[in-house]
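Colleague: I'm new to this one. Could you walk me through how to read it, feature by feature?

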Amino acid sequence: MHILGTGSYTPKRVVTNDDLATIVDTNDEWISSRTGIKERHISEGETSAELGARAALKAIEDAAIDPLDIDLIILASFTPDLTLPNVACQIQEKIGAFNATCYDLNAACSGFLFGLSSANAYLVSGMYRNILVIGSETMSRTIDWSDRSTCVLFGDGAGAAILTADNEKAYVAVSGSDGVKGKVLTGGGTILKNFLINSDTANIVADTFYIKMDGQEVFKFAVSKVPECINQVLEKAGKTPDDIDYYILHQANVRIISSVAKRLHISEDKIPVNLHKYGNTSAASIPILLDELRRDGTLKSGQKIIFSGFGGGLTWGASYMEI
Ligand code: ACO
């Protein structure tokens, strides 16, 4: 599989840690030292479809292809503005990819990675030729802005990649899920409280709508599972950690990234970070970073990279890719 082009987009409005300190009892020192996050971009009404379409248009321009040549759109998100029509179909209309089959995929922060592996399987089978995989999230719509333990962590944004078949460039993946531990990270519930018995609008937000997280459990899960699945994919690809040029990891917390570097005995120079600018953008974090690294010249043809992510579900995965 070969990356033909990438694109990313984040909303214009930047919310700093100091801005958040004016709405909840927090401060820049706590957020920076616990997470590495300094600021995040927050949508002012733009939907996941609009963010995703903007990222996709940049990827199409980068790939220099006709939108009509895209035959599949996989949209990874757990913050769709509508479930009908799905976000991928909304994006199809906005970018004019009228020959594409379109569907959404929800694996929380692992979504883009799962989308990449699905794309690879379709390309290997010959079912599709040019596949657009997008991660797009409006986390701000499902955050409880009075809950300091979650609202400081997340941001909005989208990233996209266009993939095509290439037998010369290896792609190897591992992934997993653990529904038993799903309760440590929940949100997005749509079953309305009391909706069957009255129409009191004050009661219609579901208890399960806002993101709720047992941060320490998610932390422990991430620092053990990410190195484990990276080791698995290295073994499957027949590579050692030193063979890899860059590790492109889900951008949730800089302490998780440092712990992964230590456990794998790799230099942090090989693990680029941009979460200080965007916070955790869930399924969008890996493709936003991928796009930045391609555009600033860090990533070059012929390099070997590892992607790895983890998220709600619980879900996780790692991929080895020759670019
Ligand atoms: N500002 C100031 N104080 C705060 C804040 C805040 N924003 N949030 C929590 N605190 C307080 C708590 O109330 C607690 O106070 P107490 O000791 O008086 O009770 C104290 O800080 C420590 O709280 P902890 O939750 O123990 O803090 P911890 O060191 O574990 O850090 C964090 C919390 C940053 C969330 C960490 O657990 C973490 O990064 N976990 C992983 C989260 C993650 O990666 N999530 C993404 C999942 S991916 C997806 O699918 C969305």
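Modeller: Sure, we'll start with the whole chain and then go to single helices and residues.

Modeller: First, this is a predicted model, so local features need pLDDT of at least 70 and side-chain atom pairs count only at pLDDT 80 or more, while totals for chains, interfaces and linings use all residues. Residues are numbered from 1 along each chain as its sequence is written, and side-chain values use heavy atoms, with hydrogens and water left out.

Colleague: How many helices and strands are there in the chain?

Modeller: Helices (H or I, at least four residues) and strands (E, at least two) are DSSP runs, numbered from the N terminus. Here the chain has ten helices and 13 strands. The radius of gyration is 19 Å, close to the 20 Å that the globule rule gives for 323 residues, so the chain is as compact as a globular protein of that length. That radius is taken over C-alpha atoms, and the globule rule is 2.2 Å times the number of residues to the power 0.38. Along its principal axes, the C-alpha trace spans about 60 × 45 × 35 Å.

Colleague: And what share of the residues counts as buried?

Modeller: Buried means under 20% relative accessible area, exposed over 50%, and partly exposed in between (1.4 Å probe, protein chains only). By that rule, 54% of the 323 residues are buried. As for contacts (heavy atoms within 4.5 Å), take those with a separation of 6 or more: residues 24 or more positions apart account for 76% of them.

Colleague: Let's look at a helix. Which residues of helix H4 are buried?

Modeller: Helix H4 covers residues 87–95, and its buried residues are Val87, Ala88, Gln90, Ile91, Gln92 and Ile95. Their cover includes helix H3 (48–63) and strands S4 (72–76), S5 (101–105) and S6 (130–137). Look at the ends too. Asn86 caps the N-terminal end of H4, with a side-chain oxygen 3.2 Å from the backbone nitrogen of Ala88. Just after H4, Gly96 takes a positive phi of about 70°.

Colleague: Why is helix H10 called largely enclosed?

Modeller: Because nine of its eleven residues (H10 is 285–295) are buried, the rest of the structure largely encloses it. Among them are Ile286, Leu289, Asp291 and Glu292. Gly297, just after H10, takes a positive phi of about 85°.

Colleague: What about a loop residue? Where is Ser77, and is it buried or exposed?

Modeller: Ser77 sits in the loop between S4 and H4, and with a relative accessible area of 8% it is buried. Now for polar contacts: a pair of N or O atoms within 3.5 Å, where within protein one must be able to donate a hydrogen and the other to accept it, and residues adjacent in sequence count only if both atoms are side-chain atoms. The side chain of Ser77 reaches the backbone oxygen of Ser136 at 2.7 Å, and a polar contact of 3.2 Å joins it to the side chain of Glu137.

Colleague: Which side chain does Asn280 make a polar contact with?

Modeller: That of His250, at 3.4 Å. Asn280 lies in the loop between helix H9 (275–278) and H10, and it counts as buried at 7% relative accessibility. Beyond its neighbours within four places in sequence, Asn280 touches residues including Ile37, Cys109 and Phe154. Thr10 makes a polar contact with a histidine as well: its side chain lies 3.4 Å from that of His41. Thr10 is in the loop between strand S1 (2–9) and strand S2 (14–16) and counts as buried, at 18% relative accessibility.

Colleague: Where should I look for backbone oddities?

Modeller: Check omega for cis peptide bonds. One joins Leu84 and Pro85, with omega about -10°, and Pro85 is in the loop between S4 and H4. The bond from Gly313 to Leu314 is also cis, with omega near -10°; Leu314 is in the loop between strands S12 (304–311) and S13 (315–322).

Then check phi for positive values in residues other than glycine. His265 has phi near 55° and is exposed, with a relative accessible area of 70%. Ser282 has phi near 55° too, but it counts as buried at 1% relative accessibility.
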